[in-house]
Structures are given as structure tokens and as C-alpha cells.
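Biologist: Before I rely on the labels attached to this structure, I should like to hear the reasoning behind them. Could we take them in turn?

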Amino acid sequence: MNDAAAKVDIVPAQKKNSNHLLKFVSIRQRLMMWFLVLSLLPLCFVSWFNYYQTKNSLSELAAENLQQSATLSISYISNWFENRYLDVSNQAEVHENVALLQTLQEGLALSGKTLNEYIKSYDWQRRLDSSPNGLVSLNRRYNYVYDLFLIDNRGNILYSVARESDWGTNLYNGVFNQTGFASAVKKTLDTGQMQFSGMERYFPSDLAIAAFITAPLLDEFGDKVGVFAMQLRLDKLFSIFDATEESSLHHYMVGEDGYLRTPLRNNNWREVLARDVNTSQLSLYTQQKPDGSERLSNVSQYSGPEGESVIGEYQDIKIGDINWILVSEVNTDEALYDADFAGKVAMLLMIVTAIVVAFVSALQAQHFIRPIARLADASLLMAEGESQQQVIVSKKVNDEITQLATAFNHMLMMRSSYEQKLDQRELETQKVLGELSESSEQLELVVESTDVGVWDWHIQTGTVSFNERWAKIMGFNLQEFHPANIQTWIDQTHPEDGKMLMEKLEKYCNGEIASYSCEVRLKHKLGHWVWVRDSGKIVEWSEGGKPVRMIGTSLDINKQKRADEQLQKTMKDLLEKHSQLEQEEMIAKHVFENITATSNDVIPELSTWCEPMGSFSGDMILSSILANGGLRVILCDFTGHGLSAALGAVPVSSIYAAITAKELPLDVLMGELNNKLNSLLPTGIFCCIAGIDINAERTTAQIWNAGLPDVLVVGSDGGIRHRFPSNHLPLGVMTYDQEEMHVYDLRLEAGDNLYVHSDGLTEAENNEGEMFGQERFELLLQGETNHKGRLDEIKKSIRIFTDGAASTDDVSLIEIKTLVT
């Protein structure tokens, strides 16, 4: 546009402009639009096409890599299990194994003993030593073999290389009859076929991941005499799934139940058989082919178990009657990295192009907008008072300049009209304000601000007038209650509240109560009841002292009432929950006390004190008289307090009872306890423990201290003869090396007393925060004592010191009074 086309002139206001008849066309928008379209549209299309092609190519490459890797893994695993099946089949055919089982069966039948008694007998050992046996060397030779078993037709485990707690049990009616191992043995005895148990956490092997292959043992006549079983180690096999740092491609296996059969990442075997892989893609895959036919595998993109986007494939692995699913996945970001990078470059290129195009188009548009400045000059003249002037421009085109000029002229006309109307409205407003009374305004403000219903009752005639809000509380409009009287009010009131409402009104009118107020339910239009607070006051009396007129309000309190009801319900639920928790705590405490009580014998020369900080104690004392007359006592102090600390007592008590019943040494007991707690306890939770074994003659003792204060040996004169400090890490921290498995040896003298205590004793605090301390404790041990010992005096002194202060830890003390005979 040139300057002549946009020439601006000042003319009298009476002249009219006809430019409004032309259609408006925006020069700036048209220019900017076509520049951007012509430059960006081809670029967008090419960029999108390249990105789409690159993404498809990379997806196909990722799918091919996943399928190749999965095929190799399946082939390796299948071949490995075929070889193990062959190993078990060969061992089942070895005559020496059949002969060994038959001689042990014969020995059990002739012994007249129980299975558990027989495997510990001399006859069992004699028959084992006199029979050729290559199973031990086989177990040592191959690292994938954990244990080998010989089982008779009745399910009795007569031989085990590892000799764990399942040795000498019956798989039909023993404690392990519900395991996958027991199920495989039963199927082999029933069908005469080899069986695979699948994976399970096997308790006798410290809840390690285990799998079993079973095969029938046949005599020379072809009759089944029992079962040969091999317990497999699977960690080495599945190490092929360990992910590398160079790529996110990884494999893992899940069962038909959706739980992991191999670690997901980082070789974390704790999540195996414990973590449910609940991805949508796995659910779709397991739902295929319910008739049992082969499932179709395809590569797809979905959200993985960790929530990240992955490309994955599912394939079946069948071992015996067990079906596993091999999942192969790679992170989508890694697989499609090149496509994403190309997309970002294209996006950056489009942004740069858009900026350049916008800048160029803005420069071009500037040449067309300069004439607007002339219109601005005219506007300044109007601002200085020349309001009777109009602006016109060329009529050849109707663009932004023409529209602005038209709007300017229209503004001049509307301004004059508006000023006239404004003066008229000001006069009308002043007149209306003069007619309004101050009291009427205040009343309306109060009603509107409080949002209450208002009623006016003419008592003598029974008529009642309501405002719109009163009807709205119940979902009605006021016209639906016309004409209104006192009966209208009563009909809307709940039957249970109506009588009470009328009684209060009657008492108030008779002067029996000073004011009227009550809470009633009014029926809503939808059928439910709404709570309101009704209150009122008599404002007019007759000459005879009778009430004539009463005015009041109805306030909607339905939300407050519902909130009160919900609060009452919540309080009731909390009380019931509190009662339930107390009952559950009593049951748990009863079970815990029974578990620990079954592992304690009544021993006259032993005195103990165990006082928990709360309902449950993290300390535990176990004691037993051994079969040879010896004495065994242990004190455990778990990290923390309460139920979480007390839970460790269950495995400790059961292992203690099993090891003690077999009369195994103290260091063996501590090793077994450490292995179990190391596998069960989470990081940061451990067990400090001290154990004492005294022989039957009470002349020697063995002492183990792992994390507890010094074990003290006090002579008959009150002097401390020996201190045995902790020389082992607490249980559950790490596995002990063989050279660490040693105990203190002690020769006892006549009148010696032994003392073991937890740190809760010396750290007991009084009301000033002062600790009892080791020095005070040892002072109580000085001096001679009688057969009753010092424990009661120590307990009394500590309670006097603490003087009712709140406990900070569980307190335990063991006193062993020994006499050398």
C-alpha cells in the first residue's frame, strides 16, 4: 500500500463514510499466514516422513535383536534341563543307588525305630559305610547339584547328601508334604515317570530358590523300589540373564501365576517368587489359547515392570509339566534414540525457520502500517477538544486503517449519546435512593448475607408468610406453598419432630420458656430430609396479653448435622479398630510367649530377668538341659523394640530347638542362626547374642559373645575372675568365615557365678537422664552370696535407681549359679 492510498484528511463531522460496506481483510494476518505456510508446510511433511521411516526401521531392528537373543536363551535353558534330565535318568539306573536304598529300607524295617531315630542310629551309618556310594562325589563334582536324595515307596527320605532338616522326614505326611518337591515325588511314585517340581523357596535350604527332578528307582525285576531326586542350583544357569552396562536389553522369566522366576535386575534373588509382574502385556499373553495350544509371540511396545516404556517379546519355555514365560525387553528410549534425535533436530529446524519467517514478514508488514500514524495524529486533535471532527480515508480498500477510522467516527457519535443517557440515569438513581429506607436496606443485607429462611406467623389467623429462601431450603419455589398457613409448616416437618416443635411453640407462647429455638427436619422436594435450626420471637401482643404475631428464621444446618453424624461414625470405627488392634496384640503376644516358652527348661541353678520396653520384647532367653546333663543358655538382643524386633524370635527359637535336640556344638548353633538371620533380616537389622554351654560335671564352659556386653565370671568372694568381651559380629550382618567359628573355653571353680546381660540394663535411665552404668552393675556383684544368688538384689537396685522413669530399651539379665562336683 502506498501513501496516497492511505491519505488521511480532517473533514466536518456531518459527512458520512460508506467504507463499512466493504469486507474487512487483515493485511498483517494474510501476509504472516502465507509466509509461514509456504515455508513450514513442506518442511513439516519431510521431517515427519523421515522420522516415521527411521522409527519403523529401528523398531524392526530392535524386534529382530530381541527375537534372536530370546531364541538363544531358550535353546540354552532347554538343553541345560535336557542334560539334567539325562543325569537323573542315568543315576536312577545305577545299581549301587538302588542297592543302597534297599539296604536302608531293610534296616528301617528291622530296627523298629521311627524314621528320624533310625537315620541317627549306628545301623544306618554301618549300612551306608558298607555300601558303594558315588553320590557324595557326584554332588561335589558338579556345581549345579545342591543335594541328592534316595526316597522309598512310602515317601521316607532315607538318604540325603546335604543332610538338611528334610532328611529323615516323610513327604506324604511330614512337615514338607506341601512342597513342590513332595508333589514331584508323589507323581513319580504314582506314574513311574520323571517329574520336574518347578521353582520354590525351600525351607530346609534356608529358603533358597530350589528345583527338583525326580525319577523312579527300579530293581532287577523292574519293580519300583523308590525315587531318586536331584536338588538343582539355578543361580549359575540364570546368570546368562545378567544385564550389561552397554545395553538395557535384558531377559527375565515369570510363571503362569505372574510371579518372577528369575531376578528382574541387579541379580536381586529376593524378589524371585515374591514379586508379581502385573504388566498389561503379560496379562494379554497369558490369556491367549485357553485350550492349552501354543501361544503366539509378537514384539510390542508397552510400560514395563519398573514403569518405563519398553519394547518386549514373550515366549514359552516348557520344562516337564512346568511352563515358564521368557520376557525379553529393551528400553524404548535406547532402541529409538536415533529417531528421537532426528525428530528433535527437525523440530529445532522448524522453530528456527518460523522465527526467520516471522522476522522477515514483520519487516515487510511495517511498510504497510506506517499510514496508521496519521490516524493517531487525528486522535490527538480529538483529545485536545476538537470532538466535532471525523476522520476519513480512501474508499478504495477496506483494510485495518479504514476499520480504525470507521471505529473512531462511531466512537464520537456514541460518546455524545452516552453522556446524555448518563445524566438521565443519575437523576433516576437519586430519586430511587431517596425512596429507600435505611431499615429496609439493613434487613435485606442481613437476610442475604446469612442465607436464612424468614417466616412471619400471624398466630390468631394461622396464616404464615415465608421468603423465597425458606422454600429453597426444601427444593421448592415459594409459589408452590401458596396459600401458606401453620399447617403447611407442620406438613413439611418430620413426624418425630413435629410434636416437639409444637410443644416448644406452645411453651414459648405461654411464657414457660424465655426463647424459642429447636432443630427439626423438613421434607425436601426430592423426598429426603433436611435439618434446619428454627428460632423466632413474638413481636406483637394483644391488649389481653395474648401473642398476635411471631417472626423467625430457619437456618439450613444439614451439612453440619451430616458432619456430626460422620464424626460419630468415625469415632465409633476408631474405637472398634483400637479394640481390634489390642485383641490382635494380645493374640500375637500369647503366640510369641508360647513359642519362646517351649524352648525353655526349668533349671534350678538358672535365674533370669527379661523386662520388655513395651508389649513385645526384642530380647529373648532360651535355656535347655542337654541329654548328656549339660546346660545351654543363650541371650538374644534384636535391633529395635516391640513387635518388629520380637519377630526374629520365631526362627531363632525353632533353630535353637532343632540344633539343641541333635546335641550339636555351640559354634554350630551360632553358625546356623547367623545363616538363617542373614537371609531373613533386612539391612540394618541384626541380633546381638551370647551363648554358654556348661558340661554335665559343671567343671568347664564354652562361651560365645557376638555384640553383647562382657560376659562376667564372678568368684565366690565377689571378685570378677574373667571377662569375655564380644569377639564376633552380631548375627545377620554377614556370613562367618570358618576360622571365625571359635568359642571361649573356661574352667570353672567352686562357687563361680556367670552373668550375661543386654545393654538395656546398663543404659537404663532415671528421671534426670542419668544411666545406671557398668560400674554400678559391677559394684552389685562384689561380696559373697548364698545359693539364692544376686539377681533379685540387682533387679531391686535398678528399679530404685530408675524410680518409675520410662524405659528406653528392653532389659535382660542371666545369672548361672555353678557348683563344681
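Modeller: The exchange below sets computed values against the cut-offs that give each label.

Biologist: What kind of model is this?

Modeller: The model is predicted.

Biologist: Why is the contact of D497 and R521 called a salt bridge?

Modeller: The closest N and O atoms of D497 and R521 are 2.9 Å apart. The cut-off for a side-chain nitrogen of Arg and a carboxyl oxygen of Asp is 4 Å, so the pair qualifies as a salt bridge. D497 belongs to helix 15 (residues 495–509) and R521 to strand 14 (residues 516–523), so the bridge ties together parts that are 24 residues apart in sequence. Both D497 and R521 are buried.

Biologist: What makes R632 and D693 a pair that links distant parts of the chain?

Modeller: Their side chains meet in a salt bridge of 2.8 Å, N to O. R632 is in strand 19 (residues 631–638) and D693 is in strand 20 (residues 687–694), 61 residues apart.

Biologist: Are R632 and D693 buried or exposed?

Modeller: The relative accessibility of R632 is 1%, and that of D693 is 11%. Buried means under 20%, so R632 and D693 both count as buried.

Biologist: How do you know which label R275 and E271 each receive, buried or partly exposed?

Modeller: R275 and E271 form a salt bridge, with the closest N and O atoms 3.5 Å apart. R275 has 24% relative accessibility; the partly exposed class lies between 20% and 50%, so R275 is partly exposed. E271 has 12%, which is under 20%, and therefore counts as buried.

Biologist: How many salt bridges are there, and which residues are linked in a network?

Modeller: The structure holds 23 salt bridges. E106, D123, R126 and R127 are linked in a network of them.

Biologist: Why is the aromatic pair of F81 and F196 called edge-to-face?

Modeller: By the ring-pair rule, the count comes to 22 aromatic pairs. F81 and F196 form one of them, at 5.3 Å centre to centre with 70 degrees between the planes. The centres lie within 6.5 Å and the angle is over 60 degrees, so the pair is edge-to-face. The pair links distant parts of the chain, with F81 in helix 1 and F196 in strand 4 (residues 195–202), 115 residues apart. F81 has 2% relative accessibility and F196 has 5%, both under 20%, so each is buried.

Biologist: Which residues do ring pairs link into a cluster?

Modeller: The cluster consists of W80, F81, Y142, Y144, F196, F238 and W324. The charged end of R84 sits over the ring of Y144, 3.9 Å from its centre. Likewise, the charged end of K676 sits over the ring of F203, 4.5 Å from its centre.

Biologist: What makes V37 eligible for a nonpolar surface patch?

Modeller: V37 has a relative accessible area of 36%, so V37 is partly exposed and passes the patch threshold of over 30%. V37 lies in helix 1 (residues 27–92). M33, W34, V37, L38 and L41 make a nonpolar surface patch of about 540 Å².

Biologist: How many disulfides are counted, and are C518 and C610 buried or partly exposed?

Modeller: The count comes to zero disulfides. C518, with a relative accessible area of 5%, is under 20% and therefore buried. C610, at 36%, falls between 20% and 50%, so C610 is partly exposed.

Definitions and conventions
Residues numbered from 1 in each chain as written. Predicted model: local features only at pLDDT ≥ 70, side-chain atom pairs only at ≥ 80, totals over all residues. Heavy atoms only, no water. Disulfide = S-S within 2.5 Å. Buried < 20%, exposed > 50% of the residue type's maximum accessible area, 1.4 Å probe, protein only. Patch = residues over 30% accessible without salt bridge, like charges linked within 9 Å, V, L, I, M, F, W, Y side chains within 5 Å. Areas by Shrake-Rupley, 256 points an atom, 1.4 Å probe, with all protein chains shown as cover. Helix = DSSP H or I, 4+ residues; strand = E, 2+ residues; numbered from the N terminus. Phe/Tyr/Trp six-rings, centres within 6.5 Å; stacked < 30°, edge-to-face > 60°. Lys NZ or Arg CZ within 6 Å of the ring centre and 35° of its normal.
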